[in-house]
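Hi,

Here is the structure I said I would pass on. Have a look through it, and then read my notes below.

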Amino acid sequence: MFALRLASVFRRTSFFFIRSSYLSTNNHSIQQIRPPQTTRLDLDQLLERLDGEAHRRGRLNPGLVRGAMRKAAVELDTINSTQALLLIRCTGSLLVSELPNQRQQVLDHMMKIFKQKHVTFDVTHYNSYMRVSLQNNYLFDSMKILEEMKKFNIIPNLTSFRLLSECYARQGRSDDIQKILHEMKIANLNIEPLILTNLLSSYAQKGNVERVESLFKLFHELELKPISETYEQFIISYLKHGQIEQAKKYFIENVSKMDNESLFRLIIKCAECQQKDLFQLVINSLDQNSLADICVQYILCATELLDAKLDDYAFLLVDSFPKRDETLRFDVINLTMLNLLKIRLPTHHFRPFSALTLDDINNNLESSINYRCESESVTDEQLKNFHQYVLKRAENFTDKKDRWLAIHQLLYQAYQNYIPLPYIYAIYDIMHQQGYEYRQHYMRPMLIKFRRIFINNTQEMINQIHKLLDYLQKNFSINYDNEIIDYLIEFCFDQCYLKPLDIDILFKKVNIRFNNYWFNLYLLTLKRININLLNSLKIFLNVNKNIRFEYTTIIREQTMQAMQSLINQLYIDYEKKDYNEIFNHLKNIIDFIDIINKRFVKNQNDIISLNDCVLICIVNWFLEKDHQQSIDLLKKILKIFEQRSQTIPLTNEVKEKLYKQLGIKSFDQVNDQLIKTLKHDQQKCMNTQSLSSDNQSLIDDSSDIYIKSTKSTRNWTIRELEDHLIELKRKKMNTSGLISKLLTKYCTECLDSERTMTIPVRESYMKRISELESIYFDKRKTTGFPSLGVIAILIDYYSRVELNLNKVIHYIRLSNDIDPKFKLDPHKCVSVIRLLIRKNSFNKAIELIDSLGCYDTVPNYMYRRVRDLLLDAYLLINFEQFQDLVNKLLKNKYVDPSSIVLSLIVRKSYQDHGPLHAFETIKSILIQWNNLVGMFPIIRKLLRDDCTEELKQV
């Protein structure tokens, strides 16, 4: 198998040189070709990666090969002989996922490019070309190549004559091999076993048993030792001559003298001769000690059998691959199913790897694929053949796991390539028949296909989405999660240009539960809000009258932000439109707020805050005191709010402020004036004390707008607490207890919504906490001693939200002064430990862990905080400190020794000290915890990517 190490071939370039070369070209036009040094270095790096893959996996990534070809063909004016040689070797059997004829097309095309770029060839280039061509089952003209080598004064070596004779041997051209032997005699080269075996092979292909037996005697006469291929020719000649029993007998007697390469060639010959018993006998004789070495041979052999329409034999071979290594068995099944698809379906349905691709690269085109091939119509006959020759093969695997894998790999390859939709639905049908689950993420590649195929036909894209969802709902049981619902809605918005009501109708048609998507649809509409979407969202909320819409914190914040954004956008467009149009748009916003008030199950104060926010935002943006039209516009808006005061209530404070800004009398002012007039008239008519006292009762203290409630302040919202605080201040009552509750409430909100709270809301909360904190600890403004509960929650707040270590230390000391016996809750201590590590105080963090003591069992409520602590520590401290920290947490039962936690130790060891140290860490973990479940992916990565000589010894 081809493999080269490039490290000794190419000169290493320093990082400084690479960086300076990049910076020197950064200001040039994108269309300019980079300096040859930089581009050649990139090509060398690609070739080195390919070489590493050949070593580790025994096969190459087509994408990397395609990238190397592009650099050589387009970006480089010149390439050296070594680069050309390695590119030739990249187009052979190491590309197991590409068909041989396509590999040969690329090879021939690259040979033309090498000649155009005047690459100097030597005998190794010609030998590599012949070897790779034979790997691709391409029979070249041996004499033509020999003459070309002579033309350029290149002397063929022994390897050259081997390859030339092998090409003739495959064609059964014995006389031409005699010519090759004559050329060897002229070159003073001795006959060797492989050359003589090739001569035997030429007669074996024709079934000339007598000639094979007579030539075999030459080995004894020339004192040559027969090789594996020599014994192979006898079996082939017997099979070709129809002497099946003789072939079996000879095989049994000489199988120990044959290697795996000979056995795989015999497998193909047995299949061609329809000898199933001998076929199975050969398979059973394969040396399967090193599965990694024979995995690629299995794939190549199965592909050749499929190409020869010997599908039964191909899948017998695949099914015989040992099950002890599931990963390699997965590779064999996966690549065999891919090659089956490529052979049975038209080639233009697959990502191209042929001369056509390189021609397009030369013309600066990305690909020769026309995506419309995915929308090609598929006849019933083609679908029938697909069922018979592809799907049935996947179904016929005896092992359930293999069958599941084969079917899902067909689906994966159909997604990855340009397979028409009817074939994908046929795969879905098989999944349904087999009772397989349809996982939600399978939808994503289908939607990408729709976007690619119907990019200029939005209506057809919508129809296809409806067809897909309807099909899935009828045939599979799917529980839609938030992620896939979000993706579907965003796709409908961005690719199909649908509105919220259209999406709602689409989902209802395919029976997706309303409760699964209304929340997502509402929030995603607000993210891209405009007037048209707002009007559609209004209808959506009105149409679904039997649904309870919950007015959550997220909906409240997102609605406020969306309304502010929309009003801001209207103001930006305000100069281009007349006031009537602006008024109509603002009225649409008010209508939407009205519907929110009616349709959502809400807290009254939350709704009032939304109403206030919208009105204040409108006034702030559109109030221009010197512009009468602006005043008139806002008066109309305010009038609408007054008319709808039952459904869109406002706070008195906001109304008074806006009336004052607009220079008009408020309702309370008018009412006060009426009361004063009435009082004056009454005093004129009746001057008695009783009437006077009655008149006093007519005067209403409108400033006392708060209604006493029996509701406990413990369950009040922040808004209710703030309102109550204003009332207490107005009445000049003690606010200490309420300040304490309000401070606790703000801190709790910040801590509970740490990951979901928007930045503007968080900043406003933090500002308010700072104000309340200064009031709470100011003896001139509050009475009594500070509560230890409030101090504890402030410690937690400054540990997790503001990350202020000085504040944390201050409050810990204050709590000790108040009560020396006070102890902070352990889960809050974990947050303090996390803060200490973030502030480079590792020793203090360890001391704090030691002071906490240990649990009998790991408490569930600690999980999230310990997880955050470990993730931060992984990034911030070195391996020794990290290991010490984890051991302390494990010892004190703050976390279980799970595979995730233990694997973090190994990963940190690998990151800081490399693979050898990581293996030592794995050994110590095995001794201490006897748990390697989570280590196998890491061990495999080390062996795959960093398999140095030291590691091999380990």
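**What I found**

Let's start at helix α21, which covers residues 400–416 and contains Asp402. Keep in mind as you read that this is a predicted model. Is Asp402 buried or exposed? Its relative accessibility is 5%, and buried means under 20%, so Asp402 counts as buried. Now look for Glu326: Asp402 and Glu326 are 76 residues apart in sequence, and their C-alpha atoms are 9.7 Å apart in space.

**A repeat from the record**

UniProt, in an unreviewed entry, lists residues 122–156 as "repeat: PPR". In the model, that stretch is 66% helix and 0% strand. The C-alpha atoms at its two ends are 9 Å apart.

Another residue to click on is Arg89, in helix α4 (residues 81–89). Arg89 is buried, yet has no salt bridge. Which side chain of opposite charge is nearest to Arg89? That would be Asp122, 7.9 Å away. What Arg89 does have is a polar contact of 3.0 Å, side chain to side chain, with Ser128.

**The second largest pocket**

Next, have a look at the second largest pocket, with a volume of about 1,700 Å³. Its lining is made up of 49 residues, and those nearest the centre are Leu134, Gln135, Glu166, Arg170 and Arg265. Several helices give at least two residues each to this lining, among them α5 (100–116), α6 (123–135), α8 (158–171) and α14 (260–272). Which helix supplies the largest share of the lining? It is α16, with eight residues. If you want to find α16 in the viewer, go to residues 291–307.

**Two loop residues with positive phi**

Finally, here are two backbone spots to check. Asn137 sits in the loop between α6 and α7 (142–151). Its phi is near 60 degrees, a positive value in a residue other than glycine. Asn137 has 40% relative accessibility, so this residue counts as partly exposed.

Leu803 is in the loop between α39 (788–800) and α40 (805–818). Here phi is near 55 degrees, again positive in a residue that isn't glycine. How exposed is Leu803? With a relative accessible area of 26%, Leu803 is partly exposed.

Cheers

Definitions and conventions
Residues numbered from 1 in each chain as written. Predicted model: local features only at pLDDT ≥ 70, side-chain atom pairs only at ≥ 80, totals over all residues. Heavy atoms only, no water. UniProt positions renumbered as here; feature names shortened; annotations may be inferred. Helix = DSSP H or I, 4+ residues; strand = E, 2+ residues; numbered from the N terminus. Buried < 20%, exposed > 50% of the residue type's maximum accessible area, 1.4 Å probe, protein only. Lys, Arg positive; Asp, Glu negative; His and termini not counted. Salt bridge = Lys/Arg side-chain N within 4 Å of Asp/Glu carboxyl O. Polar contact = N/O pair within 3.5 Å; in protein donor to acceptor, adjacent residues only side chain to side chain. 1 Å grid on protein atoms, 1.4 Å probe; cavity = no way out; pocket = protein on both sides within 12 Å on 5 of 7 lines; lining within 4 Å. Points joined across faces, edges and corners; volume = space filled by probe spheres on them.
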